[in-house]
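Student: I have the sequence and the structure open. Can we go through what they show, one question at a time?
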Protein chains: 2
Amino acid sequence: MPNNPHINSCTVSYDTLNCFNKLTDEELLYMEKNRLEINYKEDETICKQGTFASHIIYICKGLVKIYVEDDAGSLILKILPKGNLIGLSALYDGNNIFPYSATAYQDTKARLIDIHVFRKLLKSNAEFASEIINVMCENSIQTFGRFFSLTQKQSYGKLADIILCLSDRIFKKNEFDLDLTRKELAELTGMSTERVIRMLKKFKDDKLIAINKKTFKILDEEKLQHISQYG
Amino acid sequence: MPNNPHINSCTVSYDTLNCFNKLTDEELLYMEKNRLEINYKEDETICKQGTFASHIIYICKGLVKIYVEDDAGSLILKILPKGNLIGLSALYDGNNIFPYSATAYQDTKARLIDIHVFRKLLKSNAEFASEIINVMCENSIQTFGRFFSLTQKQSYGKLADIILCLSDRIFKKNEFDLDLTRKELAELTGMSTERVIRMLKKFKDDKLIAINKKTFKILDEEKLQHISQYG
DNA sequence: AAAAAAAAATGACTTGGGTCATGATTTTTT
DNA sequence: AAAAAATCATGACCCAAGTCATTTTTTTTT
């Protein structure tokens with residue numbers, strides 16, 4: 001994985017807005033004319049697994065959870081900050097169905113681009129399509145990382161992983177206000193809430209992190225990296 | 001997930017050879033001139049995680065295991081029969097590195113397409129790029145399914161899942177010669193070999209499957225489906 | 001500011017599935 | 001066809017992580 005010494009479950013950093021630079025003025029105008037801008041409140045559903053994907057969704061602001069559900073359980077595939085697209089997986093011909101649900105962790109602003117328009121642009125502008133392929137590559141590599149992390153690492157490794165991910169990729173600081181509950185953090189690591197609480201205490205006792213109310217601070221990034229990799 | 005009542009870890013069915021129909025004669029010729037045909041023996045490495053991806057690999061014949069490795073362990077991302085492409089994830093600009101390894105489960109014949117040629121075709125032919133996007137969509141949905149299966153289902157569900165996958169998608173019959181060892185089957189389900197052996201016995205005792213040497217036969221597909229979904 | 005509700009914490013107990021040891025088969029090598 | 005090496009199979013034991021019950025703290029509502 002690029003720039004990363006080991007496999008982790010980080011989200012992507014790429015801002016997909018760049019893709020749209022490849023469109024001609026005419027195409028941009030065409031797209032602009034066929035898009036909506038929508039605001040979602042915290043916990044609101046942005047798209048629902050199994051429903052018809054009428055739009056590709058660009059996240060302008062906020063933080064979104066992408067997950068799949070079934071009788072067997074529920075799995076968070078990724079969390080996406082602004083600059084990402086939701087629904088690319090629904091693009092393929094003959095499908096048009098969201099393979100996952102998305103809900104807003106925070107108040108979120110999104111642009112909805114008509115999927116037919118999007119597909120038309122792909123079919124007419126190879127440069128644009130190439131950029132979307134880039135994005136999809138990054139997405140898939142990121143999914144592999146999270147897949148690996150959740151299936152191969154032990155609990156401490158998974159937790160260290162997600163904390164580093166939040167710090168490095170989502171909030172981009174060592175100290176950040178985590179407005180996720182312990183329960184949400186547990187969901188994100190695929191573990192029970194109690195387990196996460198106990199581990200956070202351990203990390204605190206070991207001076208790897210400091211927690212003050214909702215404020216997380218990473219004290220020993222190196223050690224966390226090590227735990228993420230070997231623990 | 002299309003045509004599927006519940007999430008599973010099946011491989012894709014799409015034959016990517018279709019993509020190349022979108023190329024002009026000239027482009028096809030250009031590609032043909034820049035490809036190699038290589039045979040791999042069982043267990044041979046086709047590509048290695050972390051190495052430079054000089055080619056996109058089309059599987060003409062055989063069966064391939066795609067996996068990632070790290071200090072923390074090893075994870076099979078997917079198994080690919082003929083008609084699939086290896087290395088699409090390495091396409092994105094600035095990367096060019098295989099994010100996974102591939103080895104042949106059986107003797108395999110592959111066509112290696114120069115990655116620069118491939119990328120050039122993507123940038124010049126939007127129809128072709130669109131088809132590749134289709135393939136990538138299917139791939140990502142399939143990965144989500146396997147991700148879900150391995151993280152959310154219990155052992156019997158995972159095993160039922162993989163047996164159905166082999167039957168429905170790989171061998172396309174109810175009865176097939178499985179030239180995978182119990183150990184490989186265990187790897188594929190992310191469990192210990194002993195666990196798999198015990199579960200197979202249970203499935204046999206319960207008359208869900210019959211095993212004669214290497215020949216597997218599915219006796220009660222419906223029940224297996226049920227176990228895959230709820231078990 | 002009091003009451004209600006939600007979230008965080010902690011201890012006790014359970015369990016799914018891994019590990020290890022050993023023996024029986026099957027496959028491969030010589 | 002005998003020997004060696006894998007693989008398959010089974011029992012005994014263990015442990016990481018889940019579940020459940022209860023208490024404390026924080027947040028939200030009235």
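Student: How many aromatic pairs does the structure hold over all chains?
Tutor: Keep in mind that this is a predicted model. Counted over all chains, the aromatic pairs come to 15.

Student: What kind of aromatic pair do F20(A) and Y58(A) form?
Tutor: The ring centres are 6.3 Å apart, and the planes meet at 85 degrees. Planes over 60 degrees apart count as edge-to-face. So the F20(A) and Y58(A) pair is edge-to-face.

Student: How many residues apart in sequence are the parts that this pair ties together?
Tutor: F20(A) sits in the segment before helix 1 (25-33) of chain A. Y58(A) belongs to strand 3 (residues 55-61) of chain A. The pair therefore ties together parts whose separation in sequence is 38 residues.

Student: Is F20(A) buried or exposed? And is Y58(A) buried or exposed?
Tutor: The cut-off for buried is under 20% relative accessible area. F20(A) has 7% relative accessibility, and Y58(A) has a relative accessible area of 6%. F20(A) counts as buried, and Y58(A) is also buried.

Student: Which residues form one aromatic cluster with F20(A)?
Tutor: Y58(A) is one of them, as a member of the cluster. Two Phe residues of chain A belong as well. With F20(A), the cluster is formed by Y58(A), F118(A) and F128(A).

Student: Which residue lies over the face of Y67(A)?
Tutor: Chain B has K65(B) over the face of Y67(B), at 4.9 Å from the ring centre. In chain A the distance to the ring centre of Y67(A) is 4.9 Å, and the residue is K65(A).

Student: What axis relates chain A to chain B?
Tutor: Two copies of a chain are related by a rotation about an axis and a shift along it. Here chain A is laid on chain B by a turn of 180 degrees and a shift of 0.0 Å, with an RMSD of 0.0 Å. That is the relation of a two-fold axis.

Student: Which residue of chain A comes closest to the rotation axis?
Tutor: The same surface serves both copies, with 100% of the contact residues of chain A recurring in chain B. Taken at C-alpha, the closest approach to the axis by chain A is 2.0 Å, made by A126(A).

Student: Which helix supplies the largest share of the surface near DNA strand D?
Tutor: Helix 6 (193-205) of chain A supplies at least two residues, as do helix 5 (182-189) and helix 6 (193-205) of chain B. The largest share is four residues, and it comes from helix 6 of chain B.

Student: Which side chain has an N or O atom 3.0 Å from a base nitrogen of DNA strand D?
Tutor: S192(A) has a side-chain N or O atom 3.2 Å from a phosphate oxygen of DNA strand D. R198(B) places a polar side-chain atom 3.0 Å from a base oxygen. The base nitrogen contact belongs to E194(A).

Student: Which residue has a polar side-chain atom 2.8 Å from a phosphate oxygen of DNA strand C?
Tutor: Sugar or phosphate makes up 60% of the atoms of DNA strand C within 4 Å of the protein. For S192(B), a side-chain N or O atom is 3.1 Å from a phosphate oxygen; for R195(B) the distance is 3.5 Å. The 2.8 Å distance belongs to S155(B).

Student: Is G190(B) buried or exposed?
Tutor: G190(B) lies in the loop between helix 5 and helix 6 of chain B. Its relative accessible area is 51%, and the cut-off for exposed is over 50%. G190(B) is therefore exposed.

Conventions
Residues numbered from 1 in each chain as written. Chains lettered and ligands numbered in written order. Predicted model: local features only at pLDDT ≥ 70, side-chain atom pairs only at ≥ 80, totals over all residues. Heavy atoms only, no water. Phe/Tyr/Trp six-rings, centres within 6.5 Å; stacked < 30°, edge-to-face > 60°. Buried < 20%, exposed > 50% of the residue type's maximum accessible area, 1.4 Å probe, protein only. Lys NZ or Arg CZ within 6 Å of the ring centre and 35° of its normal. Least-squares fit on C-alpha atoms with pLDDT ≥ 70 in both. Contact = heavy atoms within 4.5 Å. Polar contact = N/O pair within 3.5 Å; in protein donor to acceptor, adjacent residues only side chain to side chain. Near = heavy atom within 4 Å.
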